[in-house]
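Morning, everyone. Let me take you through one structure, starting with its empty spaces and then moving to its charged pairs.

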Amino acid sequence: MADTFNYRIDHHGSLVRPAGLSTADPEAVDAAVREAVAYQRKLRSTVVTDGDFPREDFRSAVLDGVSGFRRTDETGPDGLVRWIAESLPKADGPLLADRAARLAELTVIAPKATLPSPAYLAATTYQPGLGVSSARELGEALAEIVRAEIELLMAKGVRLIQLDNPLLLAQVSTDPAGPGALSFADALAVDALAVRLDERPDGVRIALAPGWTAPHEVDRARAEQLYAGIGVDRWILPFDQGTQAELDLVKALPDDRDFCLGVVDATAPEPEDIDTVMSRLDAVGEFKDLEDGAVSPSRGFADVASRPLLGAHDQLKKLVLVETIARYCWGNEF
């Protein structure tokens with residue numbers, strides 16, 4: 001029988017916001033979240049999120065909830081507004097837990113929360129010469145905050161917690177990108193600190209999404225170093241292009257870890273051919289037990305509120321397709 005805690009029909013968390021929705025209007029945001037929950041229930045998703053509707057982008061839960069960071073007028077190469085760490089961060093209170101508790105009250109489906117990983121934030125906000133001695137010190141301070149938030153989220157009933165670090169997959173390439181403010185080893189150590197929990201309730205999964213696209217070619221040793229370095233339960237991996245590198249990322253994963261494969265492209269409106277997707281999953285089944293697996297879109301649909309990757313109708317088609325693929329793969333056992 002399928003593991004009922006694998007949350008087989010997953011998504012990264014962010015959904016396309018309703019037109020005109022502003023995070024400055026909490027009543028409108030709450031109403032939109034209620035509609036989003038109903039939307040996900042109709043889609044028979046096995047997890048429910050608030051769509052990231054209360055936040056500007058996927059980093060905001062931390063950047064808006066701690067001291068020590070300054071928002072600038074600059075935009076980075078990834079299109080995100082740049083923030084700079086001017087001192088070691090301190091949490092001003094819960095980051096997502098209060099909203100997650102309200103989310104849990106809306107449905108019996110497992111609530112999910114998504115946070116930026118501390119290593120990602122440290123790598124992208126550290127600037128030498130300010131009030132922090134090193135990116136590693138910044139990352140460790142952030143990891144303590146994220147770990148405390150994960151514990152609070154679990155206490156509030158959240159059952160799937162995802163950390164996003166879009167920089168990691170570039171480091172497992174045979175030609176890795178420059179490490180930036182954090183070395184690869186330091187990034188692994190920082191994110192490992194955030195998920196180093198003594199215990200967790202039954203049914204809880206801590207997941208990490210290490211990037212939205214696979215590198216051109218995977219260095220097996222570095223991929224194994226990535227998986228061994230961070231003790232999460234689930235790895236959320238891109239699997240929407242049908243490349244050998246995507247398959248190699250799954251092959252390198254230890255057998256004791258769950259995997260969630262991003263089987264549909266969240267950036268392209270055209271629906272994938274189901275037979276093609278199932279053939280890719282069959283290839284995974286030759287060396288992995290699919291009972292340890294789940295499926296999702298390749299990334300969030302609107303990790304930046306003002307820049308949705310698809311329209312609402314195309315998003316719906318992709319989410320329906322993920323649900324259909326899950327049923328082709330596992331029947332009705334979720």
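One definition before we start. When I sort lining residues by class, Ala, Val, Leu, Ile, Met, Phe, Trp, Tyr, Cys and Pro count as nonpolar, Asp, Glu, Lys and Arg as charged, and the others, Gly among them, as polar. Keep in mind, too, that this is a predicted model.

Take the second largest cavity, where that sorting comes in. Its volume is about 70 Å³. The lining consists of I9, D10, H11, Q40, L43, S45, L319 and E323. By class, that gives three nonpolar, three polar and two charged residues.

How many cavities of 30 Å³ or more are there? The count is two.

So to the other one. The largest cavity holds about 110 Å³ of space. Around it sit G13, T49, D50, D52, R55, L96, R99, A100, L103, K112, A113 and T114. Helix 3 and strand 4, the latter spanning 110–116, are the elements that each give two or more residues to that lining. Sorted by class, the lining has four nonpolar, three polar and five charged residues. Hold on to R99 and K112 from that list. Both names come back with the salt bridges.

Now the open space. The largest pocket contains about 700 Å³. It is lined by 35 residues. Nearest its centre are D78, Y120, T124, P166 and L167. Three elements give two or more residues to this lining: strand 3 at 81–91, helix 4 at 118–125 and helix 6 at 184–194.

Which element gives the most to the lining of the largest pocket? Helix 4 does, with five residues. As for the chemistry of the pocket wall, 21 of the lining residues are nonpolar, eight are polar and six are charged.

On to charges. Side chains of opposite charge can pair when their charged atoms come close. In this model there are 22 salt bridges. I'll show three pairs and one network.

Pair one is R99 with D30. Their side chains meet at 3.1 Å, N to O. R99 belongs to helix 3, residues 97–106, and D30 to helix 1, so to speak of sequence, the two are 69 residues apart and the pair links distant parts of the chain. Are these partners buried or exposed, or somewhere in between? R99 is partly exposed, because its relative accessibility is 25%. D30 is also in the partly exposed class, at 26%. And R99, remember, is one of the residues lining the largest cavity.

Pair two is D57 with R59. The closest N and O atoms are 2.9 Å apart. Here the burial picture is clear. D57 has a relative accessible area of 3%, so D57 is buried. R59 is at 5%, so R59 is buried as well.

Pair three is K318 with E272. Again the closest N and O atoms lie 2.9 Å apart. K318 is in helix 10, residues 312–330, while E272 is in the loop between strand 8 (258–264) and helix 9 (274–285), so the salt bridge ties together parts that are 46 residues apart in sequence. K318 counts as buried because its relative accessibility is 1%. E272 is buried too, with a relative accessible area of 16%. The cut-off for buried is under 20%.

Then the network. D10, K112 and R234 are linked by salt bridges. Two of these names should sound familiar. D10 lines the second largest cavity, and K112 lines the largest cavity.

Last topic: backbone. Most residues other than glycine have a negative phi. I have two residues here that go the other way.

First on my list is Y7, with phi near 50°, a positive value. Y7 sits in the segment before helix 1, which covers 26–42. Y7 is buried, because its relative accessible area is 7%.

Then R44, with phi near 60°, also a positive value in a residue other than glycine. R44 lies in the loop between helix 1 and strand 1, the strand at 47–48. Which is R44, buried or exposed? R44 is exposed, because its relative accessible area is 52%, and the exposed class begins over 50%.

That's my tour. Questions, please.

Conventions:
Residues numbered from 1 in each chain as written. Predicted model: local features only at pLDDT ≥ 70, side-chain atom pairs only at ≥ 80, totals over all residues. Heavy atoms only, no water. 1 Å grid on protein atoms, 1.4 Å probe; cavity = no way out; pocket = protein on both sides within 12 Å on 5 of 7 lines; lining within 4 Å. Points joined across faces, edges and corners; volume = space filled by probe spheres on them. Helix = DSSP H or I, 4+ residues; strand = E, 2+ residues; numbered from the N terminus. Buried < 20%, exposed > 50% of the residue type's maximum accessible area, 1.4 Å probe, protein only. Salt bridge = Lys/Arg side-chain N within 4 Å of Asp/Glu carboxyl O.
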